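User: I'd like to go through how the helices pack in this model, and then look at the pocket. Can you take me through it step by step?

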Amino acid sequence: MSTFDRSQPPVSGPIRNFDFPEVERRSLSNGLDLRVCKLSRLPVVSLNLFFGAGEGGLEDSRAGLAVLTGDALEGGTVERSGSELAEALERIGARLGVSTGWEGTSVSMSCLADRLEEAFGLLAEAVLEPGFPEDEVDRAREQQLAAIRQRAMDPGALASMEASRRYFAPGIPYARPQSGTVASIAPATRERLGEFAAVAYRPHEGGLIVVGDLDPDEIEAMANHQLGAWVGAPPETNEFSVEPATRERRVWIVHREGSVQSEIRVGHVGTDRATPDYFPLSVANMLLGGTFTSRLNLNLREENGFTYGVRSGFGFRSRPGPFSVSTSVGTDVTGPAVREIVRELEQLVEGGPTDEEVAASRDYAAGVFGLQLETAGQIASRISQLVVYGLADDYYHTYRDRLRAVTTADVAAATRAHIRPAEVQVVVVGDAEQIMAPLEALQLGPVEVVGVE
């Protein structure tokens, strides 16, 4: 009778082969980029229509308008009220969703393959003929305003918002909340939403991704029928280059009297999605703060008991997004926690990672890649990234090989190039009277107490 040594973890098995599904690329009559991925294992389809109506192209006075317009899309069309649209979707078992970010707006649809033509028609109707009923726009606007006000009262959201303002120079869209402010959203009317959709909801440089049990020829014909008359390009966007607010390391305290916890953000401007260092940086972030066994989590949670969890991440966007470490700790350990975060950043940059850390992080990322592509929706989301960021057609076919080719030297070089401990902005939301002295004692840089904007 065999026995197991439960004092030792099981040995990892070999990484299983995984081939990303083949994607056929075509162009519709209006120039829209069509990507079709045939999956026959289930009779379902996921459809994702992307176009460049994003928050990154808006000036501050219209911040949040793209998000609000997207949220109001499901409120009805020229032909149907919101309830009628919802009933039409329910009758065919379809689900419509809208997501708006910095780069643009994605309208997604999932349904059974034999109901795709009907579902496709409803999606096209929602995008090409939005009605923006006044009551639905009022509802969407009030929900967005409520979320904005709630954000100002939530310590975690407040810390992230303040961090963006301190990482990015004033006037850069990334320095503001993606959903806008009370001043920019309160005046929004159905007329403003209609005007925005009329000029920004255009197919130029957009894409249509369809994944499921389907025939590419039928999809092309269906797409040309539903979207062929949709033409044009959005207007010139609010072009900007990303600059940091400062390169001087500083500490910012947002005072919340009586707070028993501190929300901490430590970071600076990072890099963009097109960086050649994407794969080394992905591995670097995993070993720094992207997994439970990362350096930051082992230090702050396991060794010191400062927090239940800490994480780090790069916000890869079309332009350089943020690099940030975030956690929540007790007021009494705020100073030590910040000290350890900065120390871990310095040690990683100066000393580099170990071969064991890189191998473990790299193999884990390669191993879970296939598990993140189990549904048609997950695959469609990945293919959408090819359109949004202009990635190569074979990007995901070579993804795991490129990830597994990352070396310790690659990670060390990428870390030195893109993580700058001497330039981090330390943002802490907490009781200034309790945490200011410990933070000043760290001598990281000037310490300033600021109010909520």
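**Helix packing and the pocket**

Analyst: Sure. This is a predicted model. To start, helix 4 (residues 134-153) and helix 5 (residues 155-167) have axes that come within 5 Å and cross at roughly 90°.

User: What does that crossing make helix 4 relative to helix 5?

Analyst: The axes of these two cross at roughly 90°, and angles of 65 to 115 degrees count as roughly perpendicular. That makes helix 4, relative to helix 5, roughly perpendicular.

User: Which residues make the contact, and how many of them are charged?

Analyst: Helix 4 brings R151, A152 and M153, while helix 5 brings P155, A157, L158 and M161. Sorted by class, the contact of helix 4 with helix 5 has six nonpolar residues and no polar ones, and the charged count is one.

User: Moving on to helix 9 and helix 12, how are they oriented to each other?

Analyst: The axes of helix 9 (residues 278-290) and helix 12 (residues 355-369) come within 9 Å and cross at roughly 110°. That value falls in the 65 to 115 degree range. Helix 9 and helix 12 are therefore, to each other, roughly perpendicular.

User: Which residues form that contact, and how many are charged?

Analyst: On the helix 9 side you have V283, M286 and L287, and on the helix 12 side E357, V358, S361, R362, Y364 and A365. By class, the contact of helix 9 with helix 12 has six nonpolar residues and one polar, and the number of charged residues is two.

User: Is the crossing of helix 11 past helix 16 left-handed or right-handed?

Analyst: Helix 11 (residues 334-351) and helix 16 (residues 432-441) pack with their axes 8 Å apart, at an angle of about 35°. The way helix 11 passes helix 16 is right-handed.

User: And how many nonpolar residues are in the contact of helix 11 with helix 16?

Analyst: T334, G335 and V338 in helix 11 meet I435, P438 and L439 in helix 16. None of the residues in this contact is charged and two are polar, leaving the nonpolar count at four.

User: Now the largest pocket: which residues are the closest to its centre?

Analyst: The largest pocket has a volume of about 750 Å³. It is lined by 33 residues, and the closest to its centre are G52, E103, E205, P234 and T237.

User: Which helices each supply at least two residues of that lining?

Analyst: By class, the lining of the largest pocket has 16 nonpolar, eight polar and nine charged residues. The helices that each supply at least two residues of this lining are helix 7 (190-200) and helix 13 (376-389).

Terms used: Residues are numbered from 1 along each chain as its sequence is written. This is a predicted model: local features need pLDDT of at least 70, side-chain atom pairs count only at pLDDT 80 or more; totals for chains, interfaces and linings use all residues. Side-chain values use heavy atoms; hydrogens and water are left out. Axes are lines fitted to C-alpha atoms, for helices over the stretch in contact, and angles run from 0 to 180 degrees between N-to-C directions. Helices (H or I, at least four residues) and strands (E, at least two) are DSSP runs, numbered from the N terminus. Angles under 35 degrees count as roughly parallel, over 145 as roughly antiparallel, 65 to 115 as roughly perpendicular and the rest as oblique. Contact means heavy atoms within 4.5 Å. Ala, Val, Leu, Ile, Met, Phe, Trp, Tyr, Cys and Pro count as nonpolar, Asp, Glu, Lys and Arg as charged, and the others, Gly among them, as polar. On a 1 Å grid over the protein atoms alone, a cavity is a set of points where a 1.4 Å probe fits but cannot get out, and a pocket is an open set with protein on both sides within 12 Å along at least five of seven lines; lining residues have an atom within 4 Å of a point. Grid points are joined across faces, edges and corners, and a volume is the space filled by probe spheres set on the points. A crossing is left-handed if the near helix is turned anticlockwise from the far one by less than a right angle, and right-handed if clockwise.
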